[in-house]
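Me: Hi! Could you look over this model with me and talk through its packing and its empty spaces?
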Amino acid sequence: MISPAVVLDHVQKTYGQGAQAHTALQSVSLEVPAGEFLCLLGASGCGKSTLLHLIAGLEPPTSGSVSVPAGGAAMMFQDPALFPWLSVADNIGFPLARKGLGATAQKARVQELLAMVNLDGWGHRQPHELSGGMRQRVALARALAQDARVLLMDEPFAALDAMMRDRLHDEIERVWRETGLTIVFVTHNVREAARLADRVIVLASHPGRIAGEFSVKLPRPRRIDAPEVAQLSRTITDSLRSVLRGNDDAS
Amino acid sequence: MQASSSTPSPWLARLAALATAILLWQVVVWSGWKPVWLLPSPLTVFLRLATLATEPAFYWAIFYTLVRAVSGYAMAVGIGVASALLMLRFRLLRTTVAGLLTGLQSMPSVIWFPLAILLFQLGEGAILFVVVLGAFPSIANGLLHSIDHIPPLWIRAGKMLGARGWSLVAHVYLPAAMPGFVGGLKQGWAFAWRSLMAGELLVIISDRPSIGTRLSFARELSDAPDLLAWMIVVLGIGMLVDGLLFSTIERRIRIKRGLFET
Ligand SMILES: Nc1ncnc2c1ncn2[C@@H]1O[C@H](COP(=O)(O)OP(=O)(O)OP(=O)(O)O)[C@@H](O)[C@H]1O
Ligand SMILES: [Mg+2]
């Protein structure tokens with residue numbers, strides 16, 4: 001197997017102190033091989049966003065270690081979080097400018113990225129002039145502009161309609177194939193995980209921990225409504241149910 | 001486009017308000033409440049204003065006043081922004097000084113004149129001192145409050161995208177705070193302009209006859225038309241700066257960020 005891009009070793013994250021302490025993640029160990037498309041699946045509040053924030057370096061773990069490749073990870077938030085004071089092109093160029101890339105080189109790279117997410121000619125618009133799906137694509141282009149080897153995505157398509165989501169699934173899969181990125185993709189949606197992932201990791205709640213793992217060997221590109229995808233979704237859903245039942249027994 | 005038919009254009013509304021005010025003035029004059037040499041009619045005053053506007057001294061007075069306004073205001077913006085940034089950087093400073101700042105903001109600027117005159121004598125320094133003290137607290141407070149209300153997501157995104165330290169301030173904090181900050185700048189201008197007018201009435205510098213000087217002279221000579229004409233100039237400058245400068249900037253920002261209801 002290829003060397004791992006992201007390694008989490010017995011990671012624990014506790015918020016608050018004393019009686020207020022709340023363990024969001026407990027003893028999470030995880031290796032993500034370079035180039036893998038990994039989906040994290042779990043109930044609301046089980047610690048998926050926390051896990052991504054730890055990998056992104058936005059928060060430190062309470063104990064354990066997190067390692068990512070040099071240059072860190074890029075992150076796409078659930079909300080596109082575009083800057084309304086910048087044009088679409090300047091939003092995408094933001095990480096390039098922070099790296100000190102010259103204006104011409106930046107412009108050229110932004111054009112490339114706009115083309116990659118099918119938004120040629122939209123660079124001079126302001127974010128509020130775009131539809132929700134277009135904004136998500138700008139956020140994707142901006143995350144790609146960071147040129148990190150790892151891309152973290154926190155339920156990026158949760159707020160979109162099914163049709164737009166299908167299109168963006170195709171797009172993210174194509175980008176992943178073209179760039180050889182390692183992607184950690186968080187979702188509530190079992191079908192979405194089965195559609196996209198090389199591997200699905202199921203998280204249990206209270207405290208957040210790894211409860212199960214599915215390797216997905218189905219050929220790509222997959223259709224979200226293909227029978228194999230549906231069947232895999234059923235298997236994963238059953239496992240999620242038993243994880244949830246386990247939680248109920250524990251509490 | 002359709003909305004404009006139901007709500008009158010802002011300029012039309014302003015014109016109507018102005019006409020009403022002038023009419024009220026005329027009515028008071030007609031009522032004979034005061035003799036006309038104390039309270040002249042709008043027409044007399046506007047004719048006087050027209051005469052004044054033919055003299056170079058009229059423009060010099062406006063020029064002297066505007067130079068003071070602009071330099072005092074520029075200093076207030078510099079000090080206001082710097083003090084707000086310092087307070088953001090050093091939390092302790094903020095917990096101790098923020099209350100004081102609001103206190104300063106609520107203080108009538110005339111209160112500073114005795115001290116200013118002690119410190120700077122009857123000169124430009126005294127006026128500048130009061131203008132800066134009058135304006136900078138609103139500017140600092142405006143910036144502080146608008147930074148407090150930035151959605152944390154933008155800060156996180158900015159950090160994630162490689163902005164750290166000063167670059168985070170320059171490329172995320174400041175632009176994100178801009179709409180609220182313009183409000184603070186606008187309020188700061190209003191305070192600066194008021195302080196300046198108070199200053200020019202108290203501190204007369206005779207080799208630079210500014211608007212305030214002309215107002216004082218008019219009062220001493222009991223020249224009511226002159227006095228009212230200069231008051232209209234003060235009102236006009238205030239409205240122009242607000243209407244042309246700040247409101248335009250605010251509008252631009254709101255349109256650019258899609259903050260207008262359509
Ligand atoms: N900053 C914080 N302070 C205290 N508790 C927190 C904080 N962030 C998260 N938590 C807690 O950690 C747990 C996991 O939160 P997290 O946001 O990671 O969940 P999630 O799996 O992403 O949920 P969702 O699917 O609803 O987004 C929750 O119980 C939450 O209350
Ligand atoms: Mg979450």
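Me: Which residues have the most contacts inside the largest nonpolar core?
Reply: They are A:Phe83, A:Leu152, B:Val172, B:Trp193, B:Ile211, B:Trp230 and B:Val233, in a core of 93 residues. Such a core is a set of buried Ala, Val, Leu, Ile, Met, Phe, Trp, Tyr and Cys residues joined through side-chain atoms within 4.5 Å, where buried means under 20% relative accessible area (1.4 Å probe, protein chains only). This is a predicted model, in which local features need pLDDT of at least 70, side-chain atom pairs count only at pLDDT 80 or more, and totals for chains, interfaces and linings use all residues. Residues are numbered from 1 along each chain as its sequence is written, chains are lettered from A and ligands numbered from 1 in the order written, and side-chain values use heavy atoms, leaving out hydrogens and water.
Me: Where does that core lie in chain A?
Reply: Domain 1 (4-72 + 149-250) and domain 2 (82-147), with bounds from an automatic or database domain assignment, both give residues to the core, so it lies between them.
Me: And what does B:Trp193 touch?
Reply: Leaving out residues up to four places away in sequence, B:Trp193 touches B:Thr65, B:Leu66, B:Ala69, B:Val234, B:Ile237 and B:Gly238, with contact meaning heavy atoms within 4.5 Å.
Me: Thanks! How many residues are in the second, separate core?
Reply: That one has 54 residues, including A:Val88, A:Ala141, A:Ile172 and A:Val229.

How values were computed
Buried means under 20% relative accessible area, exposed over 50%, partly exposed in between (1.4 Å probe, protein chains only).
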